[in-house]
Amino acid sequence: MRVSVLVNDTVGTLALGHYHDADTVAAVIIGTGTNACYWERTDAIIKCQGLLTTSGGMVVNMEWGNFWSSHLPRTSYDIELDAESPNPNDQGFEKMISGMYLGDIVRRVILRMSEESDVFGPVSSRLYLPFTLRTPLMAAMHEDDSPELTQVARILKDVLDIPDIPLKARKLVVKICDVVTRRAARLAAAGIVGILKKIGRDGSGGITGGRSRSDIKMRRTAVAVEGSLYTQYTMFREYLHEALNEILGEDIARHVVVIVTEDGSGTGAALLAASHSSENVNNIQLI
């Protein structure tokens, strides 16, 4: 066996997205975990100044799951989740937006409310078990459109051992799921816009561009997205698109398209390996 290329799933997704759509400039994974990468001009990467590539560009693997800023809307639930996780003070952004953690944030909110009120009856011992409520179950409760919220009642009873709660309390659970999901989707959208801003695809001309939005002729921009949280969770997807339109503005947002890919980690890597092998290119650089 000869190893031609070594890429992660995010870079593979970008390769697959660009293979199908040449306007693809970034890729985002939003599933159990999260990450992003984008295509950048080599001269805009400080650590690589002086390094020549035939294309003049390079793929930057951001590892944005580990992004942290004091401006992130971190709550006591996020702080507790992080402190009790196997990797405290690590992957802060991921813990606020990825499928691994959203269900547990909801569990923590329900636990706090149960401890401080009787809205859910006696405190269930299952509420103290981390990751008892998985994100797919949270999504099922969030998207329960039955008049009596029967899915919500079933999951609360079977998973969290909270039986026979009134409809008003079930509606409260749906609201909790909605708030947690909307925050996650909006943060993910903000991250995407940050990438577009960096490379001048948000109408600003780039961070160092210096031109106003009105001076820029917008190009069509595609972002490849993969991951079950985006593809299978309708409300998450809708909130992400809502936030993109809100942050970019409708005039700019209509030039930005989100494209779903499948198996970018496998097919994308295969495309890169095939391209590298057939052209015998030795200067493909990934950072």
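Which backbone nitrogen does the side chain of aspartate 78 reach at 2.8 Å? Point 3 below has the reply, after a quick tour of the chain.

1. **The whole chain.** Keep in mind that you're looking at a predicted model. The protein chain holds 11 helices and five strands. Its C-alpha trace spans about 65 × 50 × 35 Å along the principal axes. Of the 287 residues, 47% are buried. If you take the contacts with a separation of 6 or more, 69% of them join residues 24 or more positions apart.

2. **Surface and charge.** The protein chain exposes about 14700 Å², and carbon and sulfur atoms supply 53% of that area. On the charge side, you'll find 29 positive and 35 negative side chains, with the centres of the two sets lying 4 Å apart.

3. **Aspartate 78.** Back to the opening question: the side chain of aspartate 78 reaches the backbone nitrogen of threonine 75, at 2.8 Å. Aspartate 78 belongs to helix H2, and it counts as buried because its relative accessibility is 5%, under the 20% cut-off. Its side chain also makes a polar contact, at 2.7 Å, with the side chain of arginine 183. Not counting residues up to four places away in sequence, aspartate 78 touches Pro73, Met96, Ile105 and Arg183. So arginine 183 turns up both in that list and as the polar partner, which is worth a look on screen.

4. **Helix H1.** This helix runs over residues 9–20, which makes 12 residues. From first C-alpha to last, H1 reaches 17 Å, close to the 16 Å expected at 1.5 Å a residue. What caps the N-terminal end of H1? That would be asparagine 8, with a side-chain oxygen 3.2 Å from the backbone nitrogen of threonine 10. Threonine 10 is itself one of the buried residues of H1, along with Val11, Gly12, Thr13, Leu14, Ala15, Leu16 and Gly17.

5. **Threonine 261.** Some of those H1 residues come back here. Threonine 261 sits in the loop between strand S5 (256–260) and helix H11 (264–279). Leaving out residues up to four places away in sequence, it touches Thr13, Leu16 and Gly17, plus Ala224, Val225 and Glu226. Thr13, Leu16 and Gly17 are among the buried residues of H1. With glutamate 226 there is also a polar contact between side chains, at 2.7 Å. Is threonine 261 buried or exposed? It counts as buried, because its relative accessibility is 7%.

6. **Leucine 160.** Move on to the loop between H6 and H7, where leucine 160 is found. Its relative accessible area is 0%, so leucine 160 is buried. Setting aside neighbours within four places in sequence, it is in contact with Ile110, Ser124, Arg126, Leu127, Thr132, Leu133 and Ile155. Its C-alpha atom and that of valine 123 are separated by 10.0 Å, with the two positions 37 residues apart along the chain counted as their spacing.

7. **Aspartate 161.** Aspartate 161 lies in the loop between helix H6 (150–158) and helix H7 (167–198). Its phi is positive, at about 55°, although it is not a glycine. Here the relative accessibility is 40%, so aspartate 161 counts as partly exposed, whereas leucine 160 is buried.

8. **Glutamine 91.** Where else does a positive phi turn up in a residue other than glycine? Glutamine 91 has one, near 55°. You'll find this residue in the loop between helix H2 (76–84) and helix H3 (94–97). Glutamine 91 counts as buried because its relative accessibility is 17%, and the cut-off is 20%.

9. **Valine 119.** To finish, look at the loop between helix H4 (102–116) and helix H5 (135–142), which holds valine 119. A relative accessible area of 28% makes valine 119 partly exposed. Its contacts, leaving aside neighbours within four places in sequence, are Met113, Ala169 and Leu172. Valine 159 is 40 residues away along the chain, and the C-alpha atoms of the two valines are separated by 18 Å.

Methods: Residues are numbered from 1 along each chain as its sequence is written. This is a predicted model: local features need pLDDT of at least 70, side-chain atom pairs count only at pLDDT 80 or more; totals for chains, interfaces and linings use all residues. Side-chain values use heavy atoms; hydrogens and water are left out. Helices (H or I, at least four residues) and strands (E, at least two) are DSSP runs, numbered from the N terminus. Buried means under 20% relative accessible area, exposed over 50%, partly exposed in between (1.4 Å probe, protein chains only). Contact means heavy atoms within 4.5 Å. Accessible areas come from the Shrake-Rupley method with a 1.4 Å probe; for residues, only the protein chains shown count as cover. Lys and Arg count as positive and Asp and Glu as negative; His and the chain ends are not counted. The place of a charge is taken as NZ of Lys, CZ of Arg, CG of Asp or CD of Glu. The expected span of a helix is 1.5 Å times one less than its number of residues. A polar contact is a pair of N or O atoms within 3.5 Å; within protein, one must be able to donate a hydrogen and the other to accept it, and residues adjacent in sequence count only if both atoms are side-chain atoms.
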